[in-house]
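Me: Hi! Could you walk me through this structure? I'd like to start with the sheets.

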Amino acid sequence: LRLTPVYAAVSLLADGVAALPLQAYRVGADGSRQRTGSPALFRNPTTYGTVYDWVHRAMVSLLLRGNAYGLVTSRDSSYWPTSIEWLDPDRVQVITRAGTAVYYIDGREVAAIDILHIVGFANPGSPVGLSPIEQYAMTLDMGLSAQKSARDWFKNGQTPSADITISTDGDPVGEQVARAFKDRYLASMRSGEPFVHGDNIALAPVGVSAADAQFLEAIKASATQVAAIYHVAPEDIGGERGSSLTYSTTELDEIKFQTRSLRPWVTRLEQAFGRITPRPVY
């Protein structure tokens with residue numbers, strides 16, 4: 001999350017999904033969908049914050065680690081879960097035994113019925129999802145290196161805005177004279193007026209070098225790659241748009257975001273929550 005485009009992409013998707021309401025339905029006698037009261041789990045699922053926070057944590061775990069592991073901490077009289085706490089994926093180990101996933105928390109086996117496991121990108125033959133951070137470690141490492149270089153550049157060695165050269169036929173320029181010309185230059189820049197000087201003084205503005213320009217492009221490229229990983233628009237996380245708005249509109253972009261970016265995650269959560277919802281509510 002220290003890499004700005006990753007933080008931006010994860011927060012964009014997690015906030016987008018967590019902001020949606022959790023609504024429960026049942027099928028009526030005529031086959032229609034009827035709104036019903038939400039199960040207890042979706043009214044107060046966690047002791048750490050709100051329903052929004054609960055869904056947001058699940059999304060962050062999925063987006064960063066490819067898996068969300070929820071531990072059932074309480075149940076009702078019918079044994080349906082009434083609260084689930086999301087775990088740090090580093091605490092969970094999953095192995096396959098006789099074709100069944102077996103879960104360990106901090107090295108201790110836990111009954112599968114007490115674990116709600118939601119998988120992000122599923123790999124055939126494995127009960128565990130792939131972590132996008134691990135899969136694209138090299139891309140993200142390049143972005144972190146560029147970001148650190150930018151911080152060090154601004155912290156330790158900013159490029160001066162201009163170079164003033166005073167010609168004195170080989171004689172050294174006194175500090176008082178140099179400071180006077182620098183103060184004159186800075187004063188004219190602050191006021192927006194031209195800087196007037198004599199024949200023996202040369203002013204050369206200092207711009208961004210070719211290497212620095214390439215470095216800045218690398219930061220944009222990193223953001224664009226992160227956008228591709230998370231299926232979000234590059235310009236939303238600091239990258240560059242690949243095409244113009246000639247054949248697109250803001251409304252179409254929003255529809256694209258909801259269908260391509262949010263809907264797959266919403267569907268994963270709906271189906272996972274449906275498994276722990278008392279029938280016939282879904």
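Reply: Happy to! One sheet is open, has three strands in the order β5-β6-β7, and pairs them antiparallel. Bear in mind that this is a predicted model.

Me: Which strands stand at the edges there, and why is one side of each left without a neighbour?

Reply: The edge strands are β5 (92-97) and β7 (108-110). Each has a single partner strand, so one side of each has no neighbour in the sheet. On average, neighbouring strands in this sheet are turned by 40° against each other, direction ignored.

Me: And how many bridges are there between β6 and β7?

Reply: Three bridges, in the antiparallel sense, with β6 covering residues 100-105. As an example of who faces whom, Tyr104 stands opposite Glu109 in β7.

Me: OK, what is the strand order in the other three-stranded open sheet?

Reply: The order is β4-β3-β8, again with antiparallel pairing. Here β4 and β8 are at the edges with a single partner strand each, so one side of each is left without a neighbour in the sheet. The twist from one strand to the next averages 30°.

Me: How many bridges does β3 make with β8?

Reply: Five, and the two strands pair in the antiparallel sense. Leu71 is the residue opposite Ile115 in β8.

Me: Which helix packs on that sheet and touches β3, β4 and β8?

Reply: That's α2, whose direction makes about 150° with that of β3. There is also α7, which lies across β4 and β8 and runs at about 155° to β8.

Me: What does α7 do with α1?

Reply: They pack at an angle of about 65°, with their axes 10 Å apart. The crossing is right-handed. On the α1 side, the contact is made by Leu12, Leu13, Gly16 and Val17. On the α7 side, the residues are Phe257, Ser261, Leu262, Trp265, Val266 and Leu269.

Me: Lots of nonpolar names in there. Which residues touch the most other members of the largest nonpolar core?

Reply: Ile118 and Tyr230, in a core of 37 residues. The elements giving two or more residues to this core are α1 (4-18), α2 (51-65), β3 (67-75), β4 (81-86), β8 (115-119), α6 (210-230) and α7 (250-274). Apart from it lies another core, of eight residues, including Leu87, Val94, Tyr103 and Ile115.

Me: Let me zoom in on Ile118. What is it in contact with, leaving aside neighbours within four places in sequence?

Reply: Its contacts are Leu62, Gly66, Asn67, Ala68, Trp86, Leu269, Ala272 and Phe273.

Me: Asn67 caught my eye. Where is its place, and is it buried or exposed?

Reply: Asn67 is in strand β3. Its relative accessibility is 4%, so it counts as buried, the cut-off being under 20%. Leaving aside neighbours within four places in sequence, Asn67 contacts Ser61, Leu62, Pro89, His117, Ile118, Val119, Val128 and Gly129.

Me: Nice. Changing topic: where is Gly239 found?

Reply: Gly239 is in the loop between α6 and α7. With a relative accessibility of 15%, Gly239 counts as buried. Its C-alpha atom is 8.4 Å from that of Gln225, and the two residues are 14 apart along the chain.

Me: Back towards the start of the chain, then. Which strands form a hairpin with five residues between them?

Reply: β1 and β2 do, and Gly31 in the turn has a positive phi of about 85°. The strands themselves are β1 (residues 24-27) and β2 (residues 33-36), which run antiparallel and are joined by four bridges. Among the partners, Arg26 has Gln34 as its bridge partner in β2.

Me: Last bit, the overall numbers. How many helices and strands does the chain have?

Reply: Seven helices and 12 strands. The chain has 282 residues, and buried residues make up 32% of them.

Me: What about the accessible surface and the contacts with a separation of 6 or more?

Reply: The accessible surface comes to about 17700 Å², with 55% belonging to carbon and sulfur atoms. Of the contacts with a separation of 6 or more, 62% are between residues 24 or more positions apart.

Me: Great, thanks!

Methods: Residues are numbered from 1 along each chain as its sequence is written. This is a predicted model: local features need pLDDT of at least 70, side-chain atom pairs count only at pLDDT 80 or more; totals for chains, interfaces and linings use all residues. Side-chain values use heavy atoms; hydrogens and water are left out. Buried means under 20% relative accessible area, exposed over 50%, partly exposed in between (1.4 Å probe, protein chains only). Contact means heavy atoms within 4.5 Å. Accessible areas come from the Shrake-Rupley method with a 1.4 Å probe; for residues, only the protein chains shown count as cover. Two strands pair if DSSP finds at least two bridges between them. Axes are lines fitted to C-alpha atoms, for helices over the stretch in contact, and angles run from 0 to 180 degrees between N-to-C directions. A nonpolar core is a set of buried Ala, Val, Leu, Ile, Met, Phe, Trp, Tyr and Cys residues joined through side-chain atoms within 4.5 Å. A crossing is left-handed if the near helix is turned anticlockwise from the far one by less than a right angle, and right-handed if clockwise.
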